[in-house]
Amino acid sequence: QDTAREDTPRKTAKKSPEELRSHRWYGVDDLRAFGHRSRALQMGYDHQDFMGKPIIGIINTWSDINPCHAHFRVRVEDVKRGIWQAGGFPIELPAISLSEPFQKPSTMLYRNLLAMETEELLRSYPIDGAVLMGGCDKTTPATVMGAISMNLPFVFMPAGPMMRGHYAGTILGSGSDTWKYWAEREAGNIDAQEWKEIEAGIARSHGTCMTMGTASTMTSITEALGLTLPGASSIPAADAAHPRMASSCGRRIVEMVWDDLKPSDILTRKSVENALYVHNALAGSTNAMIHLVAMARRADVPISLQDFDDYAQKVPVIANLRPSGAWLMEDFHIAGGIRALLKRLEGVLHLDALTVAGISMGEAIADARVYDDDVIRPLDNPISSSGGTAILYGNLAPKGCVMKPPAAEPHLLQHTGPALVFDNYAQMKKAVADPDLDVTADHIMVLRHAGPIGGPGMPEWGMLPIPKKLLKQGVRDMLRISDARMSGTSYGACILHVAPEAAIGGPLAALRTGDMITVDVHNRRIDVALSDAEIADRLKGYVPPPRDYPRGYYKMYTQHIAQADTGCDFDFLEGSGGIPEPEIN
Ligand code: FES
Ligand code: MG
């Protein structure tokens, strides 16, 4: 079935053509407007194509090196079809494509760059409203953050998840099964031929990772915020419903411009709380605990890391999706998709929150149904009785750190063990391959200098590989702590985003191998058996690894990046408004 909804009827327009932002470029009788019109005619457009029409910017994050957005090159034509149909004028604006698999050291380094690019493209061109085409991990928060700050009407159009993976009769999930089968290969249980077959079977179509990784978490959250058309975020990229949804986005944004429905009308504490509920019900990616904070702060809705934990107590995990559960996004879509999951959460959601469709969240899910109670569980038969998030504090993480309890082996949720500390990724990588490494399953592995500044860009190194020696003994999970992030498709007892990070003198920097660490997830604590004075004393002699970037983006990044608990935005980008409209001269 098709969970994308019929287009909603046009409401009474609040704007006249003369009030459109683009009127200043095209509509007036002066020298500059003459130039804009003649240059539009130069491209083969007629006056009736663009005069007096809402000009819709389509932020397209397509690239030859982004497999998750491979279909955007043609999908944009479906968006344009919808815009033309509704009487708008489409302008495609290519923007930097943050390709999760290929871009190093991490796409996270560039999230704020895409946010800046989105905001400034919309500001500097004659744009009245926007369709944001994103989906691969950071492209969602990035484009949304920029568009929130610009505060023009916009619709977010998710790329959609790829098809299920297959290998020898087994269903494979993006990321999660890469780690899982790599561990089996390291343990000697899989040969080179099998590994090759997995490589060819795990990613079978365009579209984003089809586990509940960062991509699907962020697009689902964006839908919960009211920023997509109802049902859009679970439609698989290769499903015929996807181009139909794309043209629907095109039609709807034209109406939104006439109605002057802006992100500031949609994003409120209520819509952000809806996103917090959904994040927990999905056992969504830990990355969302950075991105949602950053998105909300752009909208001047303050939320804290602690909010994630507070809302985790109010909803169970009901999406049975990998890495915390069994199924994949295609199954989720067929089971009713995100609208069906939202329907299950009806009792707690703010149903009066507005969506870009011009209807309330309650109206958007009114007729939604669950078609498979195993994929989308009833509230009384959840995957986990509390939500997918825990925020821990303690003398190792004064500003907090995050973990996903449903993805960890339960015996590790309350554990004391000796630290095994690594100063960088290369050191850690070498150590875990060493068959004689001094390590037991009780050890707590620590990777530091992998945070927003230390990485730089907070790479997804937080699921430290289990040492080969332990893999051969059958160990598949152990406690790991870092100031890094981990992929949303990762799993295990990984404690992430430790703030403040080691590279700016956070307490992780004071840690030594052999120090006893206690992690107590039930009581939300993470502590090392050292007094405050001992920690302070050790930090006195701490010298961070050199990170002097003489110029360029890296320099700006390290000077302005915020820590994980406040969303890793640049200090000068938070909030919205305050920038004058460009002069047209
Ligand atoms: Fe693009 Fe996972 S790599 S969504
Ligand atoms: Mg990812």
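This passage describes a sheet, a helix pair and one loop residue in a predicted model.

The sheet is built from 4 strands. Their order is 2-1-3-4, the sheet is open, and the pairing is parallel. Strand 2 (89–94) and strand 4 stand at the edges. Each has a single partner strand, so one side of each lacks a neighbour in the sheet. From one strand to the next, the twist averages 20°. In general, strands of a sheet pair through backbone hydrogen bonds, and the pairing can be parallel or antiparallel.

Within the sheet, strand 1 (residues 55–60) and strand 3 run parallel and are joined by 5 bridges. Ile59 has Leu132 of strand 3 as its bridge partner. Helix 5 (residues 111–124) lies across strand 1, strand 2 and strand 3. Its direction is at about 160° to strand 1.

Strand 3 (residues 129–134) is also joined to strand 4 by 5 bridges, and these two strands run parallel. Here Val131 stands opposite Val155 of strand 4. Between the two strands the chain passes through helix 6 (residues 139–150). This β-α-β crossover is right-handed.

Strand 4 (residues 154–158) is an edge strand, yet 5 of its 5 residues are buried. The strand is therefore largely enclosed by the rest of the structure. Its side chains point in two directions. Phe154, Phe156 and Pro158 point one way, while Val155 and Met157 point the other way. Residues of both groups are buried.

A helix pair comes next. Helix 12 (residues 269–281) packs against helix 14 (residues 305–312) at an angle of about 65°. The axes of helix 12 and helix 14 are 9 Å apart, and the crossing is right-handed. Helix 12 contributes Leu276, Tyr277, His279 and Asn280 to the contact. Helix 14 contributes Asp307, Phe308, Tyr311 and Ala312. By class, the contact has 5 nonpolar, 2 polar and 1 charged residues.

Ser285 lies in the loop between helix 12 and helix 13 (288–298). Is this residue buried or exposed? A residue counts as buried if 20 or more other C-beta atoms lie within 10 Å of its own. Ser285 has 31 within that distance, so Ser285 is buried. Leaving aside neighbours within four places in sequence, Ser285 is in contact with Gly213, Thr214, Thr217 and Gly488. Phe34 is 251 residues from Ser285 in sequence. In space, the two are 50 Å apart, C-alpha to C-alpha.

Key
Residues are numbered from 1 along each chain as its sequence is written. Chains are lettered from A and ligands numbered from 1 in the order in which they are written. This is a predicted model: local features need pLDDT of at least 70, side-chain atom pairs count only at pLDDT 80 or more; totals for chains, interfaces and linings use all residues. A residue is buried if 20 or more other C-beta atoms lie within 10 Å of its own, exposed if 12 or fewer, and partly exposed in between; C-beta atoms are placed from the backbone. Two strands pair if DSSP finds at least two bridges between them. A crossover is right-handed if, with the strands pointing away from the viewer, the path from the first strand over the helix to the second runs clockwise. Axes are lines fitted to C-alpha atoms, for helices over the stretch in contact, and angles run from 0 to 180 degrees between N-to-C directions. A crossing is left-handed if the near helix is turned anticlockwise from the far one by less than a right angle, and right-handed if clockwise. Two residues are in contact if their C-beta atoms, placed from the backbone, lie within 7 Å. Ala, Val, Leu, Ile, Met, Phe, Trp, Tyr, Cys and Pro count as nonpolar, Asp, Glu, Lys and Arg as charged, and the others, Gly among them, as polar.
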